[in-house]
Every structure is written in C-alpha cells, then in structure tokens.
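User: I am new to this structure and would like a close look at one part of it. Please pick a single element, explain it, and then show me what lies around it.

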Amino acid sequence: MFFSCATTKKVFIIVPHQDDELNLIGGFLPLLRTYNIECYVTYSINGAYDKATQNRYQEAINALAHLDVDKEHIIFLGYPDRTGAIENPNLTNDLEKLILEHQPDVIFAVDLDEHPDHIMTSNAFHSAITEIQKKKPCYHPTIFKGFCYSTAFKAYKDYYNLNLLSTRLPTGKHLAPWTKTELDNPNYHWCNRIRFPVDTKTAIIPLRNNLLFQAIKEHRSQLLRIEAKKIINGDNVFWEINPQSQKPFAFAKILIDGNFTYDTYYVHHTNSLHLEVYTYGINKELSLSINDTPLPCANTKLNLDNFDNKKIIVKLTDKNAVIYDTVEIIRINYFDVLYKKIQWLWDRLWNYIHYKYDKIFLPRRTK
C-alpha cells in the first residue's frame with residue numbers, strides 16, 4: 001500500500017477514557033508509528049468510576065506499548081468520571097494549553113458519542129480549538145473527529161469472516177438512544193467520511209495473531225476483549241473538520257465489495273466481485289490491472305469465471321507503472337472454509353474463557 005505523510009510529524013489523539021484510544025483509532029495508530037510519526041494520546045477522564053485510577057492508567061500504558069506509543073507521550077488529565085456535565089471550562093483550558101505547547105500537525109478527537117464524558121471532551125476540544133484560532137490564527141492543524149461507540153464499541157460483531165470487513169454504517173441500537181439522524185452528530189453524513197487504512201498487523205484473523213487485540217486485552221478492568229469482534233475493522237473512519245488544501249496524508253487502497261483489502265482476499269461461493277479505488281490526498285489518475293492486464297476503469301465488476309487460475313493478482317498503479325496497492329484474490333474450496341471456521345471456533349472459545357476469568361476475578365466494567 002502506498003502511504004505518504006511527508007508533511008506530518010506530530011499527531012495528537014484526544015479521547016475521554018483509557019480504552020477509547022483503541023475504539024477511535026486503534027488500527028491506524030500503529031501505521032502512523034511505522035512512519036515514525038510522533039503520536040501523543042491524551043485522556044481527559046481518570047476512568048475511576050468504581051476502579052482504581054492507577055489500574056486504568058497502567059492498562060492504557062500497557063495497551064499503547066503494543067502499538068509503539070511511548071509512555072512519555074501519554075497524557076492523563078485526570079478529570080472525574082461520569083459527572084454528567086457536558087461542558088468543562090477547566091478541561092477546555094487544559095486542552096488549549098496542551099495543543100499550543102505541542103502544536104501537532106494533525107489532531108484526532110472523539111465526537112458526540114452517547115456517553116456524557118465523550119460529549120464533554122468533544123465540546124471542550126471544540127472550545128479549545130476556537131480559542132486557539134483566535135490567539136494563533138497562523139496555526140492550522142488538520143482536525144479529524146470520529147466516534148468511539150457507534151463505529152467500534154457498539155458496532156457490528158462482524159470480525160469472523162473470510163476477509164476483514166470495513167466499518168459499516170451504524171443503525172438502530174448502534175447509535176445513541178436519542179439520535180434521530182444518520183449519525184450521532186447530525187452534521188455528519190456517512191458518504192463524507194474519511195476512511196483510514198489500518199496496519200496490516202491489525203487486519204489479521206484470528207484474534208490471537210492480531211496486534212490490535214494484544215492491545216485490547218490489556219484493558220482487563222473493562223473486559224474489553226469481549227468487544228474485540230466489534231472494534232477491529234478494516235478501516236478507521238473520521239470526518240475532516242477543517243479541510244486543508246495540502247492533505248496531511250496521502251494513500252490509495254483497492255476496495256473489493258466496498259471493503260479495504262490487505263495482501264490477500266479469499267473468495268468462496270461467488271463468481272463476481274466489485275472492484276473500486278479509494279484515495280485520499282492523491283490527485284493523479286490511478287488504474288487497476290488484473291494479472292498485468294489493464295482494466296478499462298477503476299470501478300468495475302470482476303467476473304471470476306473468466307480466469308482459469310486459482311490466484312488472481314490485482315494491482316493499482318499510476319501511468320508510470322508505480323504500484324500503489326496490490327492484492328491477491330485466492331479462490332478457496334469447502335475444506336479451506338471448514339478449516340478456517342474451526343480456527344474461528346477455537347479462537348472464540350479461547351477468548352471467551354479468558355473473558356469469563358477476568359469477569360469473575362476482576363471488578364466489573366463501568367461501560
């Protein structure tokens with residue numbers, strides 16, 4: 001996959017609780033670290049509703065260590081959990097000072113989830129940015145906001161598939177009870193989301209081999225491991241709040257049936273696939289090829305009956321033949337699928353046993 005971040009040196013991630021960093025940006029975060037981008041994670045809430053604060057803090061440190069985030073880049077602001085307030089001037093001031101001190105190039109922040117701590121953090125961040133723009137008008141970080149609940153913690157349980165699925169449009173029970181619009185923030189539309197690719201080590205099935213799951217299971221007090229089937233997706237979705245002419249990232253991905261692809265794509269019981277191209281920050285024209293044969297357009301149906309070989313290589317290139325992404329489509333038989341399902345069954349059982357152990361011997365989670 002082609003990924004460029006030449007203009008981005010420092011990224012800030014602002015979330016309320018210890019574990020929301022994984023809900024918000026868990027798949028994309030290790031990809032940022034792969035390119036040596038400084039990543040700071042700021043937690044506004046101490047997470048001590050009925051837990052020891054230090055336990056929650058240590059869980060966050062342990063989880064982020066799996067994703068290569070240094071302990072020195074983790075900031076705990078320590079505001080009380082579940083006060084019910086949706087505005088906090090002190091939190092606004094703290095966020096304003098932090099952002100001005102570090103001046104990150106890009107900020108990823110929580111949006112209007114149903115939890116009051118999430119709403120308070122989102123509102124405080126918005127107020128802080130408003131004040132910063134007044135005091136330092138020449139400073140323009142690129143801002144992305146996203147949800148921790150509807151697209152992760154309360155999303156679809158769709159992890160166990162032949163291929164990792166991308167984040168799906170939340171509906172009904174996935175949204176806040178009072179939501180009457182398409183998303184929990186009425187100003188957003190699903191078609192306008194920015195889809196960020198995840199690190200390939202977080203796009204692995206089963207759980208035991210997945211890097212993001214290694215981080216998820218560190219949040220034992222929240223029993224987060226049982227929610228991994230919702231949290232782990234093939235992309236992390238955000239909305240760009242202040243689009244800049246120069247994008248902080250540039251990448252291109254091959255989509256099959258609407259899902260980001262990573263190295264291999266398994267096919268069983270289907271003869272037709274829909275191929276598309278997704279780009280962000282790339283202005284040049286890209287084209288697809290199948291087994292080095294160019295396709296007439298980058299949005300097309302692929303009929304597998306036209307190919308005798310078991311493996312099909314799809315490439316995404318520019319006019320100079322520079323490869324931006326590639327995926328190998330592999331047709332598998334009934335016995336291959338059965339073997340995978342047995343693996344998944346064992347993976348589910350293994351995870352459930354550990355979950356029950358944590359539930360019995362550790363304090364109950366708070367959300």
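Analyst: The expected span of a helix is 1.5 Å times one less than its number of residues. Helices here are DSSP runs of H or I with at least four residues, strands are E runs of at least two, and both are numbered from the N terminus. This is a predicted model, in which local features need pLDDT of at least 70 and side-chain atom pairs count only at pLDDT 80 or more, while totals for chains, interfaces and linings use all residues. Residues are numbered from 1 along each chain as its sequence is written, and side-chain values use heavy atoms, with hydrogens and water left out.

Let's take helix H4, residues 89–102. Its 14 residues should span 20 Å at 1.5 Å a residue, and the end C-alpha atoms are indeed 20 Å apart, so expectation and model agree.

H4 has a buried side: Leu-91, Thr-92, Leu-95, Glu-96, Leu-98, Ile-99 and His-102 are buried (under 20% relative accessible area; exposed is over 50%, partly exposed in between, with a 1.4 Å probe and protein chains only). Because they cover an arc of only 165° around the axis, they sit on the same side of H4; the arc is that of the directions from the helix axis to the C-beta atoms. Pro-89, Lys-97 and Glu-101, on the other side of H4, are exposed.

Now to the two ends. Asn-88 caps the N-terminal end of H4, with a side-chain oxygen 3.1 Å from the backbone nitrogen of Asn-90. After H4 comes Gln-103, which has a positive phi, near 45°.

What covers the buried residues of H4? The cover includes E2, E3, E4, E5 and H5. These four strands belong to an open sheet of 7 strands with mixed pairing, in the order E4-E3-E2-E5-E6-E8-E7. Strands pair if DSSP finds at least two bridges between them. At the edges are E4 (74–79) and E7 (194–197), each pairing on one side only. Neighbouring strands of this sheet are turned against each other by 25° on average, direction ignored.

Helix H5, residues 116–135, lies across E2 (10–15), E3, E5 and E6, and runs at about 145° to E5. Such angles run from 0 to 180 degrees between N-to-C directions, with axes fitted to C-alpha atoms, for helices over the stretch in contact; contact means heavy atoms within 4.5 Å. E5 (residues 106–110) pairs in the parallel sense with E6 (residues 142–146) over 5 bridges, and Val-110 stands opposite Gly-146 in E6.

Over at the edge strand E4, another helix joins the picture: H3 lies across E3 (38–45) and E4, running at about 155° to E4. Glu-59 has its place in H3, residues 53–66. With 10% relative accessibility, Glu-59 counts as buried, and its side chain reaches the backbone nitrogen of Arg-220 at 3.3 Å. Apart from neighbours within four places in sequence, Glu-59 is in contact with Glu-218, His-219, Arg-220 and Ser-221.

The other edge strand, E7, is joined by 4 bridges to E8 (residues 235–240), and the two run antiparallel. Pro-197 stands opposite Asp-235 in E8. Ile-194 and Phe-196 point one way from E7, Arg-195 and Pro-197 the other way, and all are buried.

Methods. A polar contact is a pair of N or O atoms within 3.5 Å; within protein, one must be able to donate a hydrogen and the other to accept it, and residues adjacent in sequence count only if both atoms are side-chain atoms.
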